[in-house]
Amino acid sequence: MDLHTHSCASDGELSPEKLVELAAKNAVTLMALTDHDTMLGTPAAMRAAAAHGIRMVTGVEITCEWGRRNIHVVGLNLDPVADGLADFLAGICRMRDERGHRMDEAFARLGIKGAYEGALAHTRNPMNLSRTHFAKWLFESGHVETYQQAFDRYLANGRPCAIRADWPHLTTVVDRIRAAGGVAVLAHPGRYTFEASWMNDELLKAFKAAGGAAIEVASGSQSEAANAHYAEAARRLGFLASTGSDFHSFSGCRPQPGRQPQVPAGLTGVWTLF
Ligand code: AMP
Ligand code: MN
Ligand code: MN
Ligand code: MN
């Protein structure tokens, strides 16, 4: 099972078809494609899943804001043509593009020219410009020695070219997912760092109050300790459990589709809803 994956419709490396093929090779039987703020890859992923005998539920990973932090909420099993959903996602993607121009200006002030065009050339979906694409361009054009250095020097939160965008609020995003008939899942809760650790618990409570139903307790993009901590939190707070690799590319540090830790016994899976 893998309910969190990316394709080149956002900042993943593989086409939806190749991603599904890889999942099939890894014996995944239930999966979701959860690109950042877009469902452009959904039709191709659905067709490929049918061809490989994989059960595919629709998905998206929406960027939002809570507690002055970027939070990722995965929507699963939502209707891609639900009223207003495509426009809502397109609005976020436009904001990504506008942020890209402001990042370009920030790079130019540091003497680095052509960042927007460079990043855009690394996208496969030009309407889904990500910091990942800027990092790839910085690395391949020799402005940094490693891909990670692009984040450490320029792009990580708090660094000079990490321009803030006006992401929708957490509650808006949960509402949108539910209005489209979907279930809202808090992605990789172990990856949000607040000034005070009690804020992490507050986030879970705010997510629950907003109508969030599940949290990722077995994710390829958080530590084993975080997985154990949030499995316990799911029990304590009555969340359903979700799991996903958060696979982006072979060169990334995330496990391949389906190779993430799986949900521990004693929790109810979010997949029981679909
Ligand atoms: P965006 O949604 O465009 O703001 O970009 C987020 C992407 O950048 C995600 O795929 C993250 O994995 C990646 N990212 C964010 N912060 C870092 C960091 N400090 N180091 C490496 N990758 C990061
Ligand atoms: Mn990503
Ligand atoms: Mn994420
Ligand atoms: Mn993700």
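Donors here are N, O and S atoms within 2.8 Å of the metal; water is not among the atoms, so sites may look incomplete. The model is predicted.

**View 1. The manganese ion (ligand 4) and its four donor residues.** H4 (NE2), H6 (NE2), E61 (OE) and D246 (OD) are the protein donors of this ion. They lie 2.1 to 2.2 Å from the metal. Along the chain the spacing reads H-x1-H-x54-E-x184-D. The manganese ion (ligand 2) is 4.9 Å from the manganese ion (ligand 4). H6 belongs to the segment before α1 (16–25), and D246 to the segment after β7 (240–244), so this pair ties together parts that are 240 residues apart in sequence.

**View 2. The manganese ion (ligand 3), held by E61, H72 and H188.** The coordinating atoms are OE of E61, ND1 of H72 and NE2 of H188, at 2.2 Å. The donors follow the pattern E-x10-H-x115-H. From the manganese ion (ligand 3) to the manganese ion (ligand 2) the separation is 5.9 Å. H72 sits in strand β4 (residues 69–76). H188 sits in the loop between β5 (183–186) and α8 (198–210). The two histidines are 116 residues apart, and the pair links distant parts of the chain. E61 also appears in View 1, where an OE atom of E61 is a donor to the manganese ion (ligand 4).

**View 3. The manganese ion (ligand 2), with donors from D11, H36 and H248.** D11 is listed with two OD donors. H36 and H248 each offer NE2. Donor distances run from 2.1 to 2.8 Å. In sequence the donor residues are spaced D-x24-H-x211-H. D11 lies in the segment before α1 and H36 in the loop between β1 (30–32) and α2 (42–52), so the pair ties together parts that are 25 residues apart in sequence.

**View 4. Ligand 1 and its shell.** Ligand 1 sits in the largest pocket. The surrounding residues are D11, H36, R96, R99, S130, R131, T132, Q148, F151, A156, H248 and R254. By class, five are charged, five polar and two nonpolar. Three helices, α3 (85–109), α5 (131–140) and α6 (147–155), each supply at least two residues of this shell. D11, H36 and H248 are in the shell of ligand 1 and are also donor residues of the manganese ion (ligand 2).

**View 5. Polar contacts of ligand 1.** One oxygen atom of the ligand is 2.8 Å from an N or O atom in the R131 side chain. For the D11 side chain, the distance from an oxygen atom of ligand 1 to an N or O atom is 2.9 Å. A nitrogen atom of ligand 1 lies 3.0 Å from an N or O atom in the side chain of Q148. Taken alone, ligand 1 exposes 500 Å², of which the protein buries 79%.

Note on methods: Residues are numbered from 1 along each chain as its sequence is written. Chains are lettered from A and ligands numbered from 1 in the order in which they are written. This is a predicted model: local features need pLDDT of at least 70, side-chain atom pairs count only at pLDDT 80 or more; totals for chains, interfaces and linings use all residues. Side-chain values use heavy atoms; hydrogens and water are left out. A residue is near a molecule or strand if one of its heavy atoms lies within 4 Å of it. A polar contact is a pair of N or O atoms within 3.5 Å; within protein, one must be able to donate a hydrogen and the other to accept it, and residues adjacent in sequence count only if both atoms are side-chain atoms. Accessible areas come from the Shrake-Rupley method with a 1.4 Å probe; for residues, only the protein chains shown count as cover. On a 1 Å grid over the protein atoms alone, a cavity is a set of points where a 1.4 Å probe fits but cannot get out, and a pocket is an open set with protein on both sides within 12 Å along at least five of seven lines; lining residues have an atom within 4 Å of a point. A molecule sits in a cavity or pocket if more than half of its atoms lie within 2 Å of its grid points. Helices (H or I, at least four residues) and strands (E, at least two) are DSSP runs, numbered from the N terminus. Ala, Val, Leu, Ile, Met, Phe, Trp, Tyr, Cys and Pro count as nonpolar, Asp, Glu, Lys and Arg as charged, and the others, Gly among them, as polar. Donors are N, O and S atoms within 2.8 Å of the metal (3.2 Å for Na, K and Ca); water is not among the atoms, so sites may look incomplete.
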